[in-house]
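Trainee: I am new to this structure and would be grateful for a close look at one part of it. Could you please take me through one sheet in detail, and then place it beside other parts of the model?

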Amino acid sequence: MLKEWQYKYGLSRLQIKLLTITVPIFLILGAIFVTTMEVTLYVDEKLKLEDKLERISQTFMVVVAEPLWNVDMDRTSSILEAMTIDKDFVSAVVYDDEGNSFAEIGQKPKELPTFLASQQPIIYIPEMEQEPRVIGTLVIVFTDKHLLAATYRRVEIVATLAILLVLVLIVTNIFIHRKFVGTPLRRMLALIQSSSEKIRGQRVEWSSDDEIGVVTTAFNQMLDTQERYYEELEIQVKKRTQELSEKSELLQATLKNMSGGLVVYDAQGRMLIWNDRYFEIFKLPDQFQRVGQDYAEIIRYDVEVCFFDKDLHHNFDVDTLIQRRLNSFAEGRTETEELYFVDGRIVEARRNPMPGGGQICSYIDITTRKLAEEQMAEKEAQLRAVLDNIPGGIRYVDKDRKYVFFNAQYCKLYNFPDGLLKIGNSVRTENLYQAKRGDFGSGDPDKLVDDWLKKFPVLENPQNWERTTVHGKVLEVHTTPTPNGGVINVVTDITKRKQAVEELHKAKESAELANRSKSDFLAAMSHELRTPLNAILGFSAMIKDQMLGPNKQEVYAEYGTDIFNSGRHLLRLINDLLDLSKIEAGKLELNFDTLDVKKAILENIRTIDSIAVRSEVKIETTFADNLPPLIADQRAFDQVLLNLLSNAIKFTPKAGLVTVRASSDNDYTHIIISDNGIGIEHEHLDNVMKPWGQIIDPLRIDAKGSGLGLPIVKSLVELHCGKFTLESEVGTGTTVTVTLPNLGPNPGPGPESQT
């Protein structure tokens with residue numbers, strides 16, 4: 001049909017190709033030209049439209065300034081209506097300086113697919129002012145739909161002209177081709193057709209000086225070349241056949257000597273080539289050894305005679321197995337699986353697709369290897385069980401710092417979550433987790449990890465070091481380098497051992513402190529007790545023996561006074577010791593009663609007033625109004641006040657001042673005793689609170705004491721669930737504050753919670 005059409009109308013495939021190339025090129029070039037012109041024209045027209053919009057905006061911005069300033073909405077609207085005569089106008093809006101719509105006209109621009117907008121500030125210079133002011137905003141919107149419509153009309157006209165021009169081009173091409181190419185070509189095709197029906201030796205008899213003659217000559221030369229090619233091809237076929245025969249023999253020898261079985265199937269599951277080992281592994285009968293043997297028949301035979309162990313092999317359904325394998329052939333999948341046989345053998349099957357379809361299947365008996373792997377896995381499991389249950393953590397990384405082995409205890413010691421560490425991963429995994437957890441401090445985790453890794457260069461010798469985790473564990477890490485560049489870390493939790501060592505060290509320090517305290521106590525006791533006893537014994541011996549004569553009664557009376565004072569001092573010292581020992585033993589009994597704080601303070605001041613007069617020290621008092629009654633032990637309260645007042649007077653120089661202040665809040669009474677005496681150095685404040693702790697003023701020879709006063713005061717205050725504070729500055733004086741609960745001792749929060 002096509003040939004008749006070509007002969008009749010003088011058409012050819014060449015002419016069709018020419019038209020299919022010429023027409024699209026013409027259309028493309030024309031489209032590019034027209035598009036370029038239209039785009040350029042559209043851009044120019046749109047720029048003119050934008051320029052017109054800008055000029056109108058600037059003009060009307062000036063016109064509406066005065067009515068907007070005078071709040072003349074009608075006049076403003078009339079001005080805006082003047083723009084509606086323009087065909088491209090859409091809308092105009094005047095906003096005041098607060099952004100509110102003052103006047104508007106036209107439709108909303110959102111209803112148009114495309115539009116142009118101009119926004120101009122409305123500037124006005126009031127009569128009384130010289131500076132221009134922005135009093136609002138003018139927004140004008142134009143549409144470009146008329147511009148687009150004109151563009152579309154021009155494109156339609158150009159497209160119509162292009163179609164007409166293409167039709168003229170096609171008709172002209174057909175006429176010219178038929179007249180000048182079709183007739184000679186038909187003659188040429190007839191000769192070629194008659195020549196093609198003969199096998200060899202036929203030549204086309206045609207001679208001319210045009211292109212047809214050139215084609216005929218080329219055709220005859222092609223026939224000569226083809227004959228020579230046929231001869232060479234026969235020689236190459238014989239040579240290739242010989243080579244294939246040799247390669248086939250080599251392939252057969254290779255297949256025969258392979259340790260594993262091999263078989264090749266085409267895309268339809270038909271057997272193409274195999275070796276004897278394949279039939280030995282599957283124990284197939286000789287009837288299957290033929291080219292084209294169907295794979296489905298082989299599989300069905302194997303399964304039906306139970307060569308596969310159905311309990312171990314997952315493909316025990318024959319039809320499912322056959323269909324899956326055929327799908328694998330068609331899809332070209334690569335598969336590897338293990339086949340289990342009833343006689344205990346395990347065969348590894350590998351199936352690889354061929355480029356043209358089908359599969360190459362290889363089978364290797366791996367029974368011995370699997371048994372070795374199972375034994376290896378069992379031993380590895382035993383080793384891991386041992387390592388996981390040893391008390392320490394173990395980690396082994398290779399030269400690239402990737403995990404080779406680690407036990408569960410290692411993860412537990414560092415509090416790593418399950419699954420964080422994996423064999424083959426980098427140690428940076430755990431370091432990054434620790435950095436994010438806060439083990440290395442605050443900062444960027446990646447930078448912290450880099451800084452941490454820089455601390456541990458490549459080791460040449462074993463090292464031991466300790467590390468304290470964020471969870472409070474103290475870990476001892478023993479690091480040993482391996483010959484291949486790896487590192488073995490053995491981690492031991494020594495937290496309890498470190499705590500035991502620390503506790504032992506503290507116990508040793510406590511024992512040494514107690515021993516020193518005992519020695520200091522005995523030394524102080526020896527001095528404090530011997531001094532008055534020596535005076536008593538010495539003076540009493542002089543009186544007893546009348547060493548100054550029998551008539552020295554006045555002197556002996558003075559000695560008796562000294563003996564009395566020494567005995568009283570010794571009694572006071574013994575009483576302080578007994579009170580302190582009772583307090584420390586928790587056996588001091590307090591009798592709580594309701595006290596009048598102001599009255600109790602004044603009575604104690606009267607008691608010690610004679611000492612203040614002798615020392616020329618003045619005592620002043622200040623009491624808050626409405627002091628509540630205080631529940632306390634009268635004797636302990638008096639002892640606290642007397643000791644504090646005595647100390648204040650003792651360490652205050654002549655003409656000094658001691659002040660006593662008392663105040664109260666809702667729950668506590670505060671008694672503050674201050675002096676402007678010599679004061680205490682800051683480093684000695686703790687010492688004066690210890691038994692026998694004394695800071696002797698070298699300017700005050702009589703400023704002596706047992707050193708038990710302040711410790712007893714502090715203990716008595718604390719027995720009342722109160723608080724005792726001491727503040728002092730050398731050369732300025734000392735202030736003591738006693739805070740006692742108004743309702744007496746209780747197990748609730750102390751006065752610290754009130755501060």
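Mentor: In this predicted model, strand E1 (residues 89-96) pairs with E2 in the antiparallel sense, over 5 bridges. One residue pair illustrates the register: Val94 has Ala103 as its bridge partner in E2. These two strands belong to an open sheet of 4 strands, arranged in the order E2-E1-E4-E3 with antiparallel pairing. The edges are formed by strand E2 (101-106) and strand E3 (116-124); each has a single partner strand, so one side of each is left without a neighbour in the sheet. On average, and with direction ignored, neighbouring strands of this sheet are turned by 15° against each other. A helix accompanies the sheet: H4 (residues 73-81) lies across E1, E2 and strand E4 (133-142), and runs at about 30° to E2.

Another set of paired strands may be set beside this one. Strand E18 (residues 657-664) and E19 are joined by a hairpin through 3 residues, and they pair in the antiparallel sense over 7 bridges. Within that pairing, Val658 finds its bridge partner in Asp675 of E19. E19 also pairs with strand E21 (residues 733-741), again in the antiparallel sense, over 8 bridges; here Ser674 has Thr735 of E21 as its bridge partner. Of the 8 residues of strand E19 (residues 668-675), 7 are buried, so this strand is largely enclosed by the rest of the structure.

The nonpolar interior deserves attention next. The largest nonpolar core has 37 residues, and those touching the most other members are Ile601, Ile619, Phe637, Leu644, Ile673, Phe724 and Val738. Helix H17 (residues 634-650) gives the most to this core, with 8 residues. For Phe637, leaving aside residues up to four places away in sequence, the contacts are Leu595, Ala600, Ile601, Leu630, Ile671 and Leu740. There is also a second, separate core of 25 residues, which includes Val263, Tyr265, Phe288 and Ala349.

Finally, consider a single polar residue. Asn407 is placed in the loop between strand E11 (403-406) and helix H11 (408-413). Its relative accessible area is 0%, so Asn407 counts as buried, the cut-off being under 20%. The side chain of Asn407 reaches the backbone nitrogen of Ile394 at 2.9 Å, and a polar atom of that side chain lies 3.1 Å from the backbone nitrogen of Tyr410.

Methods:
Residues numbered from 1 in each chain as written. Predicted model: local features only at pLDDT ≥ 70, side-chain atom pairs only at ≥ 80, totals over all residues. Heavy atoms only, no water. Buried < 20%, exposed > 50% of the residue type's maximum accessible area, 1.4 Å probe, protein only. Polar contact = N/O pair within 3.5 Å; in protein donor to acceptor, adjacent residues only side chain to side chain. Pairing = 2+ DSSP bridges. Core = buried A, V, L, I, M, F, W, Y, C linked by side-chain atoms within 4.5 Å. Contact = heavy atoms within 4.5 Å. Axes fitted to C-alpha atoms, helices over the stretch in contact; angles between N-to-C directions.
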